[in-house]
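Let's take a walk through this model, starting from a single side chain and working outwards to the whole fold.

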Amino acid sequence: MRSGRYLLAGLTLAVLLPAIVQSASAQEAGARTRLERVVSQNREVNKRIANANALVSNDTAVESQPAPRSTRKSASTSAPAKGPYYVDFRARTAASWGHAFVWYGKTSEQAVNVAGLTPAGDTAAYVIGHMTLVPSETGASYGDLDPEYLTANYRVYLNEADAQRVFAYIKKLQANSPVWNAETFNCTGFIGEIASFMGLKVPHRWQRPEEYVNNLKAMNGGRQIVRLSPEE
């Protein structure tokens, strides 16, 4: 009886042993796979941490370096400042060809000085002035202060010292222009004398006032700042 029991136990063990061994092997393989997966995940995490630390280190190094100094000058220091004084070459409509004249003064003041060359008197003086010399006027004429009559203008700016010289020249020119003539002593020639004194290039005087002022601006490239040559 005892021998039979041992035999039965041996047979049972022989039958169950492969399954037990296979189950243990499977559990061991699963545990090994899980362990490898954990090790791989840890390596990936460590790699990401290292990359992040390197990136932070590089950013800190860049921020700690002083910014390069710019060699370009700012616009406020490179561009010349406009002067507080101006001369404005202007043209307006009139009953015939039009009229050319100048405004001049200080930019901070509303008062405007006007200078131009026109025949003194009525329409008869203008007609006669196409054939001979007639007395002139050199101040403001009708329409010079009205913006609705303006057809062209070219304004330039001066500093105080240059403005004093130009304004004195304008007054001198007014005092020394007693006559008007359509061909010789006319309004475009008058403002051309002022522009020439200021060192600007001037077109020929036999043009309509509007064309003259526009050509004056074009010939000087539209420059807005004028510097006079030193006095000799």
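## Gln207 and its surroundings

The side chains of Gln207 and Asn215 make a polar contact at 2.5 Å. Keep in mind that this is a predicted model. Gln207 has another polar neighbour too: a polar atom of its side chain sits 3.1 Å from the backbone oxygen of His204. Here are those two pairs next to each other.

| Gln207 part | Partner | Distance |
|---|---|---|
| side chain | Asn215, side chain | 2.5 Å |
| side chain, polar atom | His204, backbone oxygen | 3.1 Å |

Where in the chain is Gln207 found? Gln207 belongs to the loop between helix 5 and helix 6. Is Gln207 buried or exposed? With a relative accessibility of 13%, Gln207 counts as buried, because the cut-off for that label is under 20%. If you leave out residues up to four places away in sequence, Gln207 touches Thr188, Tyr212 and Asn215.

## Helix 6

Tyr212 leads us on to helix 6, where the buried residues are Pro209, Tyr212, Val213 and Leu216. Why do they end up on the same side of helix 6? They span an arc of only 95° around the axis, so they share one side of the helix. The general background is that an α-helix has 3.6 residues a turn, so residues three or four places apart point the same way.

What do these buried residues pack against? The partners are strand 1, strand 2, strand 6 and helix 5. Just past the end of helix 6, Gly221 adopts a positive phi of about 65°.

## The nonpolar cores

Now for the cores. The largest nonpolar core holds 33 residues, and the members that touch the most others are Val87, Phe89 and Met198. At least two residues of this core come from each of strand 1 (85-92), strand 2 (99-106), strand 6 (150-158), helix 4 (160-175), helix 5 (187-197) and helix 6 (209-219). There is also a second, separate core of six residues, with Tyr86, Phe101, Tyr157 and Ile225 among them.

## A three-strand sheet

Next, a look at how some of the strands pair. Strands 4, 5 and 7 form an open sheet in the order 4-5-7, and the pairing is antiparallel. Which strands are at the edges? Strand 4 and strand 7 are, since each pairs on one side only.

Strand 4 (residues 118-119) and strand 5 (residues 134-137) run antiparallel and are joined by two bridges. Across that pairing, Thr118 stands opposite Glu137 of strand 5. Strand 5 also pairs with strand 7 (residues 179-180), again antiparallel and over two bridges. There, Pro135 has Val179 of strand 7 as its bridge partner.

## The whole chain

Zooming out, the protein chain has six helices and seven strands. Read from the N terminus, the elements run α-α-β-β-β-β-α-β-β-α-β-α-α. The chain has 232 residues, and buried ones make up 29% of them.

How much of the contact network joins residues at least 24 apart? Among contacts between residues at least 6 apart in sequence, the share is 62%. As for the surface, the accessible area of the chain is about 15,800 Å², with 56% of that belonging to carbon and sulfur atoms.

Technical notes: Residues are numbered from 1 along each chain as its sequence is written. This is a predicted model: local features need pLDDT of at least 70, side-chain atom pairs count only at pLDDT 80 or more; totals for chains, interfaces and linings use all residues. Side-chain values use heavy atoms; hydrogens and water are left out. A nonpolar core is a set of buried Ala, Val, Leu, Ile, Met, Phe, Trp, Tyr and Cys residues joined through side-chain atoms within 4.5 Å. Buried means under 20% relative accessible area, exposed over 50%, partly exposed in between (1.4 Å probe, protein chains only). Helices (H or I, at least four residues) and strands (E, at least two) are DSSP runs, numbered from the N terminus. Two strands pair if DSSP finds at least two bridges between them. The arc is that of the directions from the helix axis to the C-beta atoms. Contact means heavy atoms within 4.5 Å. A polar contact is a pair of N or O atoms within 3.5 Å; within protein, one must be able to donate a hydrogen and the other to accept it, and residues adjacent in sequence count only if both atoms are side-chain atoms. Accessible areas come from the Shrake-Rupley method with a 1.4 Å probe; for residues, only the protein chains shown count as cover.
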